[in-house]
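The exercises below are to be worked with the sequence and the 3D structure open. Each task is followed by a solution in steps.

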Amino acid sequence: DAVLEQTLRDFIQLQSTLIAVGTQVVGVRRVGWLEYTFYTGAEGTFTYPLADNAVADPTKIGTANYSVHLRKGQGRCVFLDATLLRGESFENMDRQQLAIVRNMADVIDDLILETLIGGAGQTVTVAGGSEWDAASGDAEKNILDAMDKVFENGRVSGNEPMALIVPTKHRSVLLQTTLYGNVVESLEEHLKRMSNLTIYYTRNSRLNDLALLLIPGSETAEFFQYNGDGFQETELTRIPGVGFDWMLTGYMGCIVHEMQDGAASGKNNRICKIDNITA
């Protein structure tokens, strides 16, 4: 039973994270704790050259820290005996369970995007009248300006791939073809070829009027799911005289890593918001 429970838990967590968009741009870890404290040891020293008889001074690492807390989430549905007697199939029950798993993916997405927006260390604001869906909009310039901010101020080498999360309603802006030099291609293809940028589209309402540009990966931000002992991911319980109660439980949290890059507490200069993109 324990093996079956763990297998089902792993499957549901994998399914829900694969559906989500945010999990494509942050690190994803399954952990055995509910709270963890990170120390910001991002700055170090390496002295060169040294005399053969010399020893480098130790790096002075402070005690600045930040924490992530995993919180409980839950979905639940009841399958009544009466609905089965009226002909509802187990296929429909499976679809209802899958709907809750999909909604869990939406919650994961919302949590990650909320964390990334709140942790953006930099902002590019589109001027009024130049929004992406306006006639004089220049999405390419706004995106390149955001790239400049990330590579100028973030703790990066300058050669990292980038990710851009955009509201789905602006797909047409990025997919419309234009002549760049002597090549006809969309802005999405142009940016991908020119700057190793991957674009993700989302219908999440948090990105109604903004886009997010970031260096993807676990150094920028991480999403955690509890996968240890002590609770059941799924429970199917008989309600006497009524039917079956099915419950999905999960503990999760997300954190933007602090890089000692000049950004304020809780923020990271590897993330840049592009505001006011919708007219």
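**Exercise 1. The largest pocket**

Sort the lining of the largest pocket by residue class, then find where its residues come from.

Solution. The coordinates belong to a predicted model. Step one is the sorting: eight lining residues are nonpolar, nine are polar and two are charged. Step two is the full lining, which has 19 residues. Nearest the pocket centre are Arg71, Lys72, Gly73, Val107 and Met252. Step three assigns the lining to elements: β3 (65-69), β4, α3 and β13 each give two or more residues. The biggest contribution is that of β13, with six residues. Step four is the volume, about 340 Å³.

**Exercise 2. The second largest pocket**

Describe the second largest pocket by its volume, its lining and the classes of its lining residues.

Solution. The volume comes to about 170 Å³. Next, list the lining: Trp132, Ala134, Ala135, Gly137, Asp138, Ala139, Glu140, Val173, Gln176, Thr178, Tyr180 and Leu187. Two elements, α4 (139-153) and β7 (177-180), each supply at least two of these residues. Sorted by class, the lining holds seven nonpolar, three polar and two charged residues.

**Exercise 3. The nonpolar cores**

Which residues of the largest nonpolar core touch the most other members, and which elements give two or more residues to this core?

Solution. The core has 29 residues, and the members that touch the most others are Leu116, Ile165 and Leu212. The elements giving two or more residues are β4 (71-80), α3 (90-118), β6 (162-167), β10 (210-214), β11 (217-226) and β13 (243-256). Of these, α3 provides the largest share, nine residues.

Now take Leu212 and leave out residues up to four places away in sequence. Its contacts then include Leu113, Leu116 and Ile117, as well as Ala163, Leu164 and Ile165. Leu207, Ile271, Cys272 and Lys273 complete the list. A separate core of 24 residues also exists, with Ala146, Leu213, Cys272 and Ile277 among its members.

**Exercise 4. Two threonines**

Decide whether Thr115 and Thr278 are buried or exposed, and find what each one touches.

Solution for Thr115. This residue is in helix α3. Its relative accessible area is 16%, and the cut-off for buried is under 20%, so Thr115 is buried. The side chain of Thr115 reaches the backbone oxygen of Leu111 at 2.8 Å. Beyond its neighbours within four places in sequence, Thr115 contacts Cys254, Ile255 and Val256.

Solution for Thr278. This residue is in the segment after β14 (268-275). The same cut-off of under 20% applies, so Thr278, at 16% relative accessibility, counts as buried. With neighbours within four places set aside, Thr278 is in contact with Glu131, Asp133, Lys169, His170, Asn208 and Asp209. One of these, His170, makes a side-chain to side-chain polar contact with Thr278 at 3.0 Å. Thr278 and Leu210 are 68 residues apart along the chain, and their C-alpha atoms are separated by 7.6 Å.

**Exercise 5. The whole chain**

How many helices and strands does the chain have, and what percentage of its residues is buried?

Solution. Counting the elements gives six helices and 14 strands. Of the 279 residues, 41% are buried. As a last step, take the contacts with a separation of 6 or more: residues 24 or more positions apart account for 80% of them.

Notes. Residues are numbered from 1 along each chain as its sequence is written. This is a predicted model: local features need pLDDT of at least 70, side-chain atom pairs count only at pLDDT 80 or more; totals for chains, interfaces and linings use all residues. Side-chain values use heavy atoms; hydrogens and water are left out. A nonpolar core is a set of buried Ala, Val, Leu, Ile, Met, Phe, Trp, Tyr and Cys residues joined through side-chain atoms within 4.5 Å. Buried means under 20% relative accessible area, exposed over 50%, partly exposed in between (1.4 Å probe, protein chains only). Helices (H or I, at least four residues) and strands (E, at least two) are DSSP runs, numbered from the N terminus. Contact means heavy atoms within 4.5 Å. A polar contact is a pair of N or O atoms within 3.5 Å; within protein, one must be able to donate a hydrogen and the other to accept it, and residues adjacent in sequence count only if both atoms are side-chain atoms. On a 1 Å grid over the protein atoms alone, a cavity is a set of points where a 1.4 Å probe fits but cannot get out, and a pocket is an open set with protein on both sides within 12 Å along at least five of seven lines; lining residues have an atom within 4 Å of a point. Grid points are joined across faces, edges and corners, and a volume is the space filled by probe spheres set on the points. Ala, Val, Leu, Ile, Met, Phe, Trp, Tyr, Cys and Pro count as nonpolar, Asp, Glu, Lys and Arg as charged, and the others, Gly among them, as polar.
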